[in-house]
Amino acid sequence: MDDRGGSFVAVRRISQGLDRGNTCHSTSAEFVTGSTAWLGRGLSCVCAQRRESDARPSFDLTPTQEECLQRLQSRIDVPYDSSILEHQESLRALWNAAFPEEELRGLISEQWKDMGWQGKDPSTDFRGGGYISLENLLFFAKNFPKSFQDLLRKQEGDRSVWEYPFAVAGVNITFMLIQMLDLEAVKPRTLVGATFLKFLAENESAFDLLYCITFKLMDNQWLSMRASYMDFNTVMKSTRRQLEKELLLDDLTQLEDLPSYKLLTQ
């Protein structure tokens, strides 16, 4: 989807492994859309790229920060693999957290569309974010179940008739955070990335927590902009700008100090 809408498959509201250095191919410093192949004809990635000639600073890491970054990068590198039992069980756990009252008929099922996947096989949508994007969704569901359900079922605010698909939007958020925080680099090359690693050294779940904050912030921006499906990229750009601004605020000692953390409810 581009800012005019493109090929985005919207969801009508119903009541009630990344390869480092090869995720986006634009050489522009502007926000670009990603390949619809890995997002299943759906939402495009919102990421920023710079020309190779652009000078970018790097920030030195403490041994603890370096170790935490490497562990997070190892998670990022894991693709979703439907043949791995652990991945299958995680996907079932996500369904049970989302729809505890409804039995899942199979890992390939039309039921998945109710969660906002583009088709009956969620594995095709995980190509954009890998297994970590599933882990992010599970962390959100387990730690902030009320906010998770509110976003899944679009229960808050004056909603658009045509809404963003919840699950695929979640994959986009994982991808956007990896790009924004420059997590594929050996060392962070942005102040935002360096700041995040300080939080990661104190809390190994910092990426998952920031994901939850970002998802809720994105939905808040969606509502305040009175957005519809054609506006998704615009909303993601606005979300990224706000998140970067908050991460650079003075006197932050933990991610829970971010203003947008207050949007989350357990």
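## The nonpolar core

The largest nonpolar core has 67 residues, and Met115, Trp117, Phe196 and Phe215 touch the most other members. Eight helices each give two or more residues to this core: α1 (63-76), α2 (85-98), α3, α4 (145-152), α5 (166-180), α6 (191-202), α7 (206-224) and α8 (232-247). The largest share, 11 residues, comes from α7. This is a predicted model.

Nonpolar side chains tend to be buried together in soluble globular proteins. Trp117 gives a view of the core from one residue. Leaving out residues up to four places away in sequence, Trp117 touches Leu94, Trp112, Pro122, Asp125, Phe126, Leu137, Ala167, Val168 and Val171.

## Helix α6

Phe196 is one of the core residues that touch the most other members. Phe196 is also among the buried residues of α6. The others are Val192, Gly193, Ala194, Thr195, Leu197, Phe199 and Leu200. The buried residues of this helix pack against α1, α5, α7 and α8.

What span should the 12 residues of α6 have at 1.5 Å a residue? The expected value is 16 Å. The end C-alpha atoms are 18 Å apart, which agrees.

## Where α3 meets α5

The axes of α3 and α5 come within 9 Å and cross at roughly 115°. The crossing is right-handed. On the α3 side, Ile132, Ser133, Asn136 and Leu137 make the contact. On the α5 side, the residues are Phe166, Ala167, Val171 and Thr174. Trp117 touches residues from both lists, including Leu137, Ala167 and Val171.

## Ser133

Ser133 lies in helix α3, residues 131-143. Is Ser133 buried or exposed? Its relative accessibility is 0%, so Ser133 counts as buried. A residue is called buried when that value is under 20%.

A polar atom of the Ser133 side chain lies 2.6 Å from the backbone oxygen of Gly130. Neighbours within four places in sequence aside, Ser133 is in contact with Phe126, Val171 and Thr174. Val171 and Thr174 are among the α5 residues at the crossing.

## Asn136

Asn136 also has its place in helix α3. Asn136 counts as buried because its relative accessibility is 0%. Which residues does Asn136 contact, leaving aside its neighbours within four places in sequence? They are Arg75, Thr174, Phe207, Asp208 and Tyr211.

Thr174 is thus a contact of Asn136 and of Ser133. Asn136 and Thr174 are 38 residues apart in sequence. In space, their C-alpha atoms are 7.5 Å apart.

How values were computed:
Residues numbered from 1 in each chain as written. Predicted model: local features only at pLDDT ≥ 70, side-chain atom pairs only at ≥ 80, totals over all residues. Heavy atoms only, no water. Helix = DSSP H or I, 4+ residues; strand = E, 2+ residues; numbered from the N terminus. Buried < 20%, exposed > 50% of the residue type's maximum accessible area, 1.4 Å probe, protein only. Polar contact = N/O pair within 3.5 Å; in protein donor to acceptor, adjacent residues only side chain to side chain. Contact = heavy atoms within 4.5 Å. Core = buried A, V, L, I, M, F, W, Y, C linked by side-chain atoms within 4.5 Å. Expected span 1.5 Å × (residues − 1). Axes fitted to C-alpha atoms, helices over the stretch in contact; angles between N-to-C directions. Left-handed = near helix turned anticlockwise from the far one by under 90°.
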